[in-house]
Amino acid sequence: MPENSTSGYSRYPRIGSHREVASFREHLHSLCADIPVDDAILPAPESPLARDLRLCGKVASNRWAIQPMEGWDGQEDGAPAELTLQRWRRFGLSGAQLIWGGEAVAVEAEGRANPNQLVIAGNTLGGLGALRQALLDAHRERFGAGGEPVVGLQLTHSGRYARPSRDGGGRPRVAFRHPILDKRVGITGEEAVLSDGEVASLTGSFVTAACRAGELGFDFVDIKHCHGYLLHEFLGAHTRPGPYGGSFENRTRLLRDIVAGIRRDAPGLPIAIRVSIFDTIPFRPGPDGNGGVPEKVPEGAPYRWGFGVDMANPTEGDLSEGKKLLGLLQELGIELVNLSAGSPYYNPHLQRPALYPPSDGYLPPEDPLESVIRHLQATHALKREFPGLVITGSALSYLQDYLPHVAQGLVREGWMDFVGIGRMALSYPDLPADTLERGVLARKRICRTFSDCTTAPRHGLPSGCYPLDDNYSSLPEAETLRELKKNGPE
Ligand SMILES: Cc1cc2nc3c(=O)[nH]c(=O)nc-3n(C[C@H](O)[C@H](O)[C@H](O)COP(=O)(O)O)c2cc1C
Ligand code: SF4
């Protein structure tokens, strides 16, 4: 990794440099004293992470969740390929009892974020069913019969970030014109904005997809409302006229219509929502090797182009509408919620805290541990207010060696019900099993947030942990990635 004394790489203490939990705790508590940190990794049954919880008609016997992790490695027709199967097998070997959606699967081919994203359609059902089966088979081989994990499927439309064709060009479809993001994705006219009629037809695509997922045996469907993709954008459609924009009621109409359609056509299928519960104005690279900086608020502030953004001070999130949304989910009988934040496209430091930025990102504008803390505090506040919701927390991989120490405390003290792991599940998928069975970690496999798994797909390469996983470091694409990184940000 490049080291530059003026850059963010060396500005903040590296987590791996803390040889003792006490030193890590001091670092963490210098930023926020409330976060619980256990002294040691506790194996089952002592670990709070080994507590069970009834979910979707099953009993999850631990509190580890694998976050959805897309691999940019499906076939051209939207069906999974070998690398996809391998990733899902590993999810099964992880020991985590909640598999939150596997990866984002597009409900329409045009809604793919890349030409290798999975699509749920008549021709791909066999492949998607095989993914679920591969995961369950791997779990059974490793852990024996019984205790099957709860496995959902995440359904999405990529909206502003739709890039379904091989020519590499984007085909963005948006909820509203955005004064900063439009130029980043090449939107120059109104034709990119979905008409009300198109929105109604999209509702049908989500409902059909959910029914198909239920028929394939998935335990729940996650209707993805995060990371700047289409349904997340609708939550922030303050400036859109008509039935899907403006008031909170209008901005949640699409969500409510999709839920009503699924309840009608697939009664009994549990519905889950992953949502970016807070957000900020987009960021861009800072000058002279400094960390990323927020874009200027467009003329005519307040800032009205996001969900969970403080309109008067858009470099900060605001949980007030997030609380209204969770209240609505509760009214709708949706119990399973996964809290994320921001977007990997316009504020990656918020969404996936990292010391080393992806090639289209920027150096961290704050100690990435602060970015983790922001997630934890929001999740804690919301769990306290909505104790009846089953909440999975996000953005914890940056805790690295001390992820289990913090995770145990968070579950024991009720900050969240499930501890989600994203990037860590690529570099070290069986971390949950290692903690619960042996109470130790394999240091060499710990994700160090090098961001290759984000940089690779930005250049059309499959995503995976190139630095730490031999299956990826031996791919021909690894050399291409090395070349690309030489020209990384700053
Ligand atoms: C390569 C990659 C692919 C991802 N794919 C998805 C996805 O398909 N759906 C989703 O909701 N989040 C996706 N995410 C976000 C992760 O689920 C997670 O929220 C994020 O990495 C922060 O958690 P972590 O700190 O444990 O990595 C992806 C992240 C990465 C790095
Ligand atoms: S490439 Fe590997 S080490 Fe780097 S962020 Fe992704 S999972 Fe972590």
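Which residues in H5 meet which residues in H8? The legends below address this contact and further sites in the predicted model.

**Figure 1. Packing of helix H5 against helix H8 in the predicted model.** Helix H5 spans residues 196-215 and helix H8 spans residues 253-265. The two helices pack at an angle of about 40°, and their axes lie 9 Å apart. Because of this angle, H5 is oblique to H8. The crossing in which H5 passes H8 is right-handed. From H5, the residues in the contact are Val199, Leu202, Thr203, Phe206, Val207, Ala210 and Cys211. They meet Leu254, Asp257, Ile258, Gly261, Ile262, Arg264 and Asp265 in H8. Sorted by class, the contact of H5 with H8 comprises nine nonpolar, two polar and three charged residues.

**Figure 2. Packing of helix H1 against helix H11.** Helix H1 is formed by residues 21-31 and helix H11 by residues 368-385. Their axes are 10 Å apart and enclose an angle of about 65°. H1 is therefore roughly perpendicular to H11. H1 and H11 make a right-handed crossing. On the H1 side, Phe24, His27, Leu28 and Leu31 take part in the contact, meeting Leu369, Glu370 and Ile373 in H11. Five residues of the contact between H1 and H11 are nonpolar, one is polar and one is charged.

**Figure 3. The largest pocket and its lining.** The space in the largest pocket amounts to about 650 Å³. Its lining consists of 29 residues, and those closest to the centre of the pocket are Arg163, Tyr345, Asp360, Pro457 and Arg458. Three elements each give two or more residues to this lining: helix H4 (181-184), strand S9 (283-284) and helix H15 (452-458). The lining of the largest pocket holds 15 nonpolar, seven polar and seven charged residues.

**Figure 4. The largest cavity and its lining.** The model contains five cavities of 30 Å³ or more. The largest cavity has a volume of about 470 Å³. Among the 29 residues that line the largest cavity, Pro68, Met69, His227, Gln351 and Arg352 lie nearest its centre. Helix H13 (423-427) and H15 are the elements that give two or more residues to this lining. H15 provides the largest share, four residues. By class, the lining of the largest cavity is made up of 13 nonpolar, 10 polar and six charged residues.

**Figure 5. The cis peptide bond between Ala44 and Pro45.** Most peptide bonds are trans. Ala44 and Pro45, however, are joined by a cis peptide bond, with omega of about 5°. Pro45 belongs to the loop between H1 and strand S1 (53-55).

**Figure 6. The positive phi of Trp72.** Most residues other than glycine have a negative phi. Trp72 is not a glycine, yet its phi is positive, at about 55°. Trp72 occurs in the loop between strand S3 (64-66) and helix H2 (82-93).

Methods. Residues are numbered from 1 along each chain as its sequence is written. Chains are lettered from A and ligands numbered from 1 in the order in which they are written. This is a predicted model: local features need pLDDT of at least 70, side-chain atom pairs count only at pLDDT 80 or more; totals for chains, interfaces and linings use all residues. Side-chain values use heavy atoms; hydrogens and water are left out. Axes are lines fitted to C-alpha atoms, for helices over the stretch in contact, and angles run from 0 to 180 degrees between N-to-C directions. Angles under 35 degrees count as roughly parallel, over 145 as roughly antiparallel, 65 to 115 as roughly perpendicular and the rest as oblique. A crossing is left-handed if the near helix is turned anticlockwise from the far one by less than a right angle, and right-handed if clockwise. Contact means heavy atoms within 4.5 Å. Ala, Val, Leu, Ile, Met, Phe, Trp, Tyr, Cys and Pro count as nonpolar, Asp, Glu, Lys and Arg as charged, and the others, Gly among them, as polar. On a 1 Å grid over the protein atoms alone, a cavity is a set of points where a 1.4 Å probe fits but cannot get out, and a pocket is an open set with protein on both sides within 12 Å along at least five of seven lines; lining residues have an atom within 4 Å of a point. Grid points are joined across faces, edges and corners, and a volume is the space filled by probe spheres set on the points.
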